[in-house]
Amino acid sequence: MTAAKKIDSKGRLLLGEKFAGSIVIVEERENGELVIKPAIVIPAHEKWLFDNPAALNSVLVGLKQAREGKFVTSPSFNKKKPWKDKLED
């Protein structure tokens, strides 16, 4: 889409309903061009996952396995285990 838009007296640029509520990054280049890029926000406490390729890959593999119905059998807690009596409620 290419369109001429006018920035209002408060510095706002209307992009239209299609972009209502969107988060964007506005990049100002040296030549005065403005580049508007759609963006998403990641909570700071979750950023570590995207900074750790091995952890992210592990999560993605696990999600794929879950979608495919590939689950491991959980251990049975009905059987008598020597350590079970030591657990606190």
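**A hairpin, two helices and two pockets**

The lining of the second largest pocket takes at least two residues from each of β1 and β2, strands here being DSSP runs of E with at least two residues and helices runs of H or I with at least four, both numbered from the N terminus. The model is a predicted one, so to speak of local features takes a pLDDT of at least 70 and side-chain atom pairs count only at pLDDT 80 or more, while totals for chains, interfaces and linings use all residues. Residues are numbered from 1 along each chain as its sequence is written, and side-chain values use heavy atoms, with hydrogens and water left out.

On the overall layout, the protein has two helices and two strands, in the order β-β-α-α along the sequence. Its radius of gyration is 25 Å, against the 12 Å or so of a compact globule of 89 residues (taken over C-alpha atoms; the globule rule is 2.2 Å times the number of residues to the power 0.38). The C-alpha trace spans about 75 × 30 × 25 Å along the principal axes. Just 3% of the 89 residues count as buried, that is, under 20% relative accessible area with a 1.4 Å probe and protein chains only.

Now the hairpin. Strands β1 (residues 24-28) and β2 (residues 34-38) run antiparallel and are joined by five bridges; pairing takes at least two DSSP bridges. Glu-27 of the hairpin sits opposite Val-35 in β2. Five residues separate the two strands, and Gly-32 in the turn has a positive phi of about 90°.

Further along, helix α2 covers residues 53-67, 15 residues in all, and reaches 21 Å from first to last C-alpha, close to the expected 21 Å (1.5 Å times one less than the number of residues). Gly-69, with a positive phi near 75°, follows α2.

Back to the pockets: each is an open set of points on a 1 Å grid over the protein atoms alone, where a 1.4 Å probe fits, with protein on both sides within 12 Å along at least five of seven lines, and lining residues have an atom within 4 Å of a point. The largest has a volume of about 260 Å³, and the second largest about 190 Å³, counted as the space filled by probe spheres set on the points. Residues lining the largest pocket include Met-1, Phe-19 and Lys-5; its lining has eight nonpolar, two polar and one charged. In the second largest, Val-24, Val-26, Leu-34 and Ile-36 are among the lining residues, and the split is seven nonpolar, one polar and no charged. Nonpolar covers Ala, Val, Leu, Ile, Met, Phe, Trp, Tyr, Cys and Pro, charged covers Asp, Glu, Lys and Arg, and the others, Gly among them, are polar.

Methods
Buried < 20%, exposed > 50% of the residue type's maximum accessible area, 1.4 Å probe, protein only.
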